[in-house]
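Q: Please take a close look at one part of this structure and describe it in a connected way. I would like to understand where the part sits and what surrounds it.

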Amino acid sequence: MTTNKMIVLTDTFNNRVISSHRTVAGAVRAQHRHLAEVRRHNGPNSYLTYSIQAADGSDISELVDAARVELGY
């Protein structure tokens, strides 16, 4: 699922931008990898809250849900 805008992965718990991506699937994969690293470092019950949004703030929740299904997350 490509879009013409950048996709931003944000850690909403700490209010930090983690990364920017060209595709929604790339942002979903990055979120999965980041959470795995957090759990490896801090223990299996660790968690963070994330937000995946278009850089211009437009709603892409349906694209994010579709990418998660497609990737099996």
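The answer below turns to the surroundings of one residue and then to a charged pair.

A: The model considered here is predicted. The residue chosen for the close look is Q53, which belongs to strand β3, a strand made up of residues 50-54. Its relative accessible area is 42%, and Q53 is therefore classed as partly exposed, since that class lies between the limits of 20% and 50%.

Consider next what surrounds Q53. Apart from neighbours within four places in sequence, the residues in contact with Q53 are M6, I7, V8 and I60. L9 stands 44 residues away from Q53 along the chain, yet the C-alpha atoms of these two residues are separated by 6.8 Å. Within strand β3, which spans residues 50-54, the side chain of Q53 also makes a polar contact with the side chain of S51, at 3.5 Å.

A charged pair may be set beside this description. Side chains of opposite charge can pair when their charged atoms come close. The structure holds one salt bridge, and it joins R40 to E37, with 2.9 Å between the closest N and O atoms. Both partners are found in helix α1, which covers residues 24-42, and they are three residues apart, about one turn of the helix. R40 has a relative accessibility of 60%, and because this is over 50% it counts as exposed. E37, with a relative accessible area of 43%, is partly exposed.

Terms used
Residues are numbered from 1 along each chain as its sequence is written. This is a predicted model: local features need pLDDT of at least 70, side-chain atom pairs count only at pLDDT 80 or more; totals for chains, interfaces and linings use all residues. Side-chain values use heavy atoms; hydrogens and water are left out. Helices (H or I, at least four residues) and strands (E, at least two) are DSSP runs, numbered from the N terminus. Buried means under 20% relative accessible area, exposed over 50%, partly exposed in between (1.4 Å probe, protein chains only). Contact means heavy atoms within 4.5 Å. A polar contact is a pair of N or O atoms within 3.5 Å; within protein, one must be able to donate a hydrogen and the other to accept it, and residues adjacent in sequence count only if both atoms are side-chain atoms. A salt bridge is a side-chain nitrogen of Lys or Arg within 4 Å of a carboxyl oxygen of Asp or Glu.
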